[in-house]
Structure formats: C-alpha cells, structure tokens
Amino acid sequence: MSTNDKLSRWVEEVERTVCPDEVRWCDGSDEENDRLIQLMLAEGTLHILNPRTYPDCYLHRSHPTDVARTEHLTFICASQKEDAGPTNNWMSPAEARERVGKLFQGCMKGRVMYVVPYLMGPTGSPYSRVGVEITDSPYVVANMRIMTRMGRPALDHLGTGANFVRGLHSLGDLSPERRFIAHFPETREIWSVGSGYGGNALLGKKCHALRIGSWTGRQEGWLAEHMLILGLESPAGDVMYIAAAFPSACGKTNLAMLVPPRSQERWKIWTVGDDIAWMHPGDDGRLYAINPEAGFFGVAPGTSAKTNPNAMSMLKRNVIFTNVAVTERNEPWWEGADGELPRRAMDWQGKRWLSDGKEKAAHPNSRFTVPARQCPSISREWENPRGVPISAIIFGGRRARLTPLVFEAFTWSHGVFVGATMASETTAAATGAVGVVRRDPMAMVPFCGYNMADYWAHWLAMARRLRHPPKLFHVNWFRRDPSGKFLWPGYGENLRVLRWIRDRVQGRGEAVETPIGFVPAAGSLELDGLDVTPAALGPLLSVEQEPWKDEVRNVKEYFAKFGSRLPAALAAEVEELSQRLRKA
Ligand code: GTP
Ligand code: SPV
Ligand code: MN
C-alpha cells in the first residue's frame, strides 16, 4: 500500500477493472525477487542456467509471435490527430478507451496484479521522473527491477504529489489480434496489452522515457532522446561526454561500452547510458544528460569478447536472458558468440537445434537484461543527479551506401537537418521486414510521442537556450564495398572516429568541406595499428554527387508529408544542400 492517496485511488480503480485474485505492491527487494523467480521457475516461464558458470542467471522464452516491438500496434492517442503527426499511428482517446479498455475488463481474473513504482533517473535528481506500472507479468516485474530504480526511491521522489506516469500492462491472451500499445500523452497514461516483450511491456523504457518523455520534454523545454551517453577519456585524463542516436540494433550498446584497440589503449571509454538520454540546458549554457535507466536491455547476437568484452564480462551473473539458445552445458548461446559453434543446442523456442546453418539458434532480437552497475566501464558520473555535460551529439544509421564514415554538420540548424533526414536499414528489433532503408529522424521514429515536425522545431529552438551547444555529427559504421563486405572494422576501432570528433570539438582536427558537411582530411583520422590503408579510406569517406542529388529529391518528398508544420529552417536547409551539390 501507499501513503499517496492519488496513487492508492488509481490502483483501486484499476483493481476494480481488471479483477485480480490478489494485489501485490512491489518494493524491488531481494526477497521479493527470489519469490518471483521461484514462482516463474515453478510455472516454467523461467529456466535456470548453469549455476556454476552463470550464477543467478535465467532464461525466458517469450511467445513465438511476441519477440520484438510491434510498431504497427503502437498508438499515440492525443486528442488531435495532427499532434501525433504522420509518423505515428493515431487513435482518438475515446476510441482507445473503448477498444483497448475492453481488453482490460476482468483481464487479471485468476492472476496476481503487481504494482511497480519506479523512478526513471538517478535518486535525488531534479530531472528524474516517477512512473507506476501495474502488470500481471512477473517477468516484467523482474526486468523492471533491473532496468529502473524500483520501490522506495520512486515513492520517496513522488511524495504526496500526483506527478507520475500511469502505466497499465496485461499479457492478455498474447494474441497479436488483441495487442495494443497505447499512449495518452495528455494524461500521461500508457495502456499496453497482449505483449510481454521488451519495449512493449517494460513501460519505463520506450513508452515512458521516450514517448511520454518526449511530449513532456517539449512542454518543459528539454529533450528525451534514443541515445547512448559515453565519456571519452584522453591519455591526459580529461573526459569529454558524447551522446549518440542510432536506430534500434545499430550499435548504441556497443559504442557505449567500447574497449579501445591495442594501439590506442591509453584512451578509455566510460559508459553513462546505452539507450536513452534525458537532456536539459544547464545554468552554464551547456546541455546536460542523465541516463534515466538503471540497467541494459541489450541485443545478444553479435556480442562477443571481440566485439564487446565489457558486455561479456557483465553477462556472467544476475542476468535475465530472453530468447537466446542454450547449449548442452546449459549455458546461453547466440550467433556471433565466442568459441566454437555448439554441436547441439536448444533453440530460442526450446526446440532441438542442429548446427547445419539452416536455422538460427538464438532469435535475432534475443536480449539480455543486466544491472548497469555490473558494467566494468560504468562511469563514475553515471548517477550524478545533474547529469554530464554533452560536447558532441552523433546521429548515425546503418547504410550500405551513400553516407560516409563520419561528417560534421556546419551549424546547429544544419545538424538538426542531418538528424531529421537520417535513414537506416530496418533491423530485427521491431517486427516487419529487415534491411529496408527507411527515414528514422534522430532514431526516434518509433519513439517520438508527438508530431515529428514539431519535434524538429523543438530541437531547433533548443539552440536559443544553449550558449554552448554541442557540435553535431553523423556516422555510419555499416558502409559496404560492392561485394557486400563492411568497409570499416567497427567496434573498438570506432574510437578513432570519436577521437576525430573530439579534435573537432576542441577546434583541432583537419577537415575537408563537402556539400553535406565536413569530412576528415587525409591524415586526420588516426590509422596507426589498423589494417585500413589511407587509400581504402577513399570509399569510406567519399561524398558522391549523383546519389546525394537523389537523396535531396527523396528528402523533399519526405518533408512534404509534414505540410505546413515543417519548420522553415529545415526547408531552407534542403535548398542549401541542393545548391551546394549543384555548385560542387
Ligand atoms: P537497441 O538496444 O535495439 O537500441 O540496439 P543498439 O543500438 O544498442 O545496438 P547494439 O549495440 O546492440 O548493436 C546491434 C548489432 O549491431 C549487434 O549485432 C552488433 O554486433 C552490431 N554492431 C554494433 N556496432 C557495430 C559496428 O561498429 N560495426 C558492425 N559491423 N556491427 C556493429
Ligand atoms: C530498441 O528497440 O530500441 C530497444 C529494445 O532498445 S526495446 O526495449 O524492445 O525497445
Ligand atoms: Mn533502443
């Protein structure tokens, strides 16, 4: 029970609707967690992994039709359709209350209703926000305990106030036919039914911290972004903080935990966050970022000692794995893991798997949930209530062609244009086709809780509130040669690009001006110890006229969708790019 009567009243109201057998308030304690784990083991919704090599690690297999976010079932239920904008699915609040509300009637009969108060952001931070998720899934509770600060910190932060996001979640019958992720930004409510997976069900993450968060941020003058936050420490010991927005499954977790290559080992990366940043203008005119989360919900496939050694070392204890494979030794396994291919394993659905290369053993969107404090590279500043000052913001996508390894925007307004027009190949993080290039402004297409054009206007307006705005950049680790091979080694080697960005921020670092922005001049990227020759850098950094002219046409078509809400500054930016390309 709570001493906050607004909270108690809402919980009672929900209880009357969903009719659970029992209501349990969650405090996030070890005892409570142990009981939930035992319950799930007994029910068979959780499996214990090898306790010798993976102590306190568990495996959950989600329903085979419930393995990723479902963007086509995600709705912004603002009262005006235009406020959701052309990039969101919209449903009127009245229709949502009727259609989705119906699915909650009596949905927890025979089930336990868990009440999960959680805090997004460090304890004691003026930027932190409270949410309460009501759910009938113990798996969701166990994950929220890792991903957020649950129980006491949230109730203390809330006090007697009414300022909390109300999240209602039920597994329902897990049918995609009766699955909805509905957001009511005006009343700060989230209704999610029919899915137990990731961003659909852990409501603190994408639903609260990004969709509701972005709406609130616009009203209050801050930014809620799909960004990692890292500290780049030089051999001299100074640390520069950088935030980066890449679409889902495009490398945020990896960059946030980067381990420098041998030849650069006097440099160091500190992890502040791997998925979400809340950024506020500080008194000193700089932009400060906090990580609202307390854990990582990271992509398993491709994670290895070679690509992400920091992740590997934190995945040895207190981890919930979802939809990975298990070996004969009862250890988690996924494509791209270290060591040999297991001869035999159980695949992500618990079926016998043979390594004949036909089927994947782990689901491509299989994940790990792990406390951030277990990360060897966690920053000393990661729970600083003020956040960390951001010197550079990087946008990036997964693109086989067109965009160079790195470029710097000319101005804030040009950088907002670069972010607004970024595009990326779709990944397994959401259901639907994989590998299709789509526009994903600021990596926020699935997560912006309001009209994307208004969001760009909000970004443009932020410049007026920042005397020392971060510099804006764009990267692409995924450019390929004609045979389909990645041109850039990526992972730890991305440090070299971060160093160039740091040089640029500090007013050093040679660059060449191209129509799309500044790219590194010959010799300005440190290539020592890397088997990429200066000649091979050509195709990585090239800016080709004709494809970019096509891109301009494409961007104009895209912008047309936003009609009169498109900020004039962005319409001007596309014209200027077009002129620069003509002159070049
Ligand atoms: P979400 O959690 O969905 O938001 O994903 P994310 O942006 O954190 O992506 P993550 O770091 O988990 O990487 C996704 C996939 O991209 C993994 O399979 C990685 O191995 C791969 N990847 C990450 N960085 C690089 C890189 O620099 N080069 C290449 N080629 N692949 C990378
Ligand atoms: C993403 O898709 O960007 C994720 C995973 O970080 S989820 O929590 O499912 O949204
Ligand atoms: Mn993400």
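**Close-up views of a predicted model**

**View 1. Helices α2 and α5 cross at roughly 145 degrees.** In this predicted model, the axes of helix α2 (residues 30–43) and helix α5 (residues 138–147) come within 10 Å. The crossing of α2 and α5 is left-handed. On the α2 side, the contact is made by D30, N33, L36, L39 and M40. On the α5 side, P138, Y139, V141, A142 and R145 take part. Sorted by class, the contact of α2 with α5 has seven nonpolar residues, one polar residue and two charged residues.

**View 2. The manganese ion (ligand 3) has protein donors from K206, H226 and D275.** The donor atoms are NZ of K206, NE2 of H226 and OD of D275. These protein donors lie 2.1 to 2.6 Å from the manganese ion. Along the chain, the donors follow the spacing K-x19-H-x48-D. K206 lies in helix α8 (residues 204–220), whereas D275 is in the loop between β15 (268–273) and β16 (277–281), so the pair ties together parts that are 69 residues apart in sequence. Both K206 and D275 are buried. Why is the arrangement of the six donor atoms around the manganese ion (ligand 3) irregular? The angles that these atoms subtend run from 64 to 173 degrees. Six donors count as octahedral if opposite donors are over 155 degrees apart and all others between 65 and 115. An angle of 64 degrees fits neither condition, so the arrangement is called irregular.

**View 3. Helix α11 is largely enclosed by the rest of the structure.** Eight of the nine residues of α11 are buried. The buried residues of α11 are W412, H414, G415, V416, F417, V418, G419 and A420. Helix α11 covers residues 412–420, and H414 lies in it. The relative accessible area of H414 is 2%, and a residue counts as buried when this value is under 20%, so H414 is buried. Which residues does H414 touch, not counting residues up to four places away in sequence? They are A409, I516, G517, E573 and R580.

**View 4. T327 is a buried residue of strand β20.** Strand β20 spans residues 325–327. T327 has a relative accessible area of 18%; because the cut-off for buried is under 20%, T327 still counts as buried. Leaving aside residues up to four places away in sequence, T327 touches W333, P342, R344 and A345. T327 and G492 are 165 residues apart in sequence, and their C-alpha atoms are 28 Å apart in space.

**View 5. C19 has a positive phi although it is a residue other than glycine.** Its phi is near 50 degrees. C19 sits in the loop between α1 (5–18) and β1 (22–25). Is C19 buried, exposed or partly exposed? With a relative accessible area of 30%, C19 is partly exposed.

**View 6. A443 also has a positive phi and is not a glycine.** The phi of A443 is about 60 degrees. A443 lies in the loop between β28 (437–439) and α12 (452–462). The relative accessibility of A443 is 1%, so A443 counts as buried. Views 5 and 6 thus each show a loop residue with positive phi: C19 is partly exposed, whereas A443 is buried.

How values were computed: Residues are numbered from 1 along each chain as its sequence is written. Chains are lettered from A and ligands numbered from 1 in the order in which they are written. This is a predicted model: local features need pLDDT of at least 70, side-chain atom pairs count only at pLDDT 80 or more; totals for chains, interfaces and linings use all residues. Side-chain values use heavy atoms; hydrogens and water are left out. Donors are N, O and S atoms within 2.8 Å of the metal (3.2 Å for Na, K and Ca); water is not among the atoms, so sites may look incomplete. Four donors count as tetrahedral if all angles lie between 85 and 135 degrees; four count as square planar and six as octahedral if opposite donors are over 155 degrees apart and all others between 65 and 115; anything else is irregular. Helices (H or I, at least four residues) and strands (E, at least two) are DSSP runs, numbered from the N terminus. Buried means under 20% relative accessible area, exposed over 50%, partly exposed in between (1.4 Å probe, protein chains only). Axes are lines fitted to C-alpha atoms, for helices over the stretch in contact, and angles run from 0 to 180 degrees between N-to-C directions. A crossing is left-handed if the near helix is turned anticlockwise from the far one by less than a right angle, and right-handed if clockwise. Contact means heavy atoms within 4.5 Å. Ala, Val, Leu, Ile, Met, Phe, Trp, Tyr, Cys and Pro count as nonpolar, Asp, Glu, Lys and Arg as charged, and the others, Gly among them, as polar.
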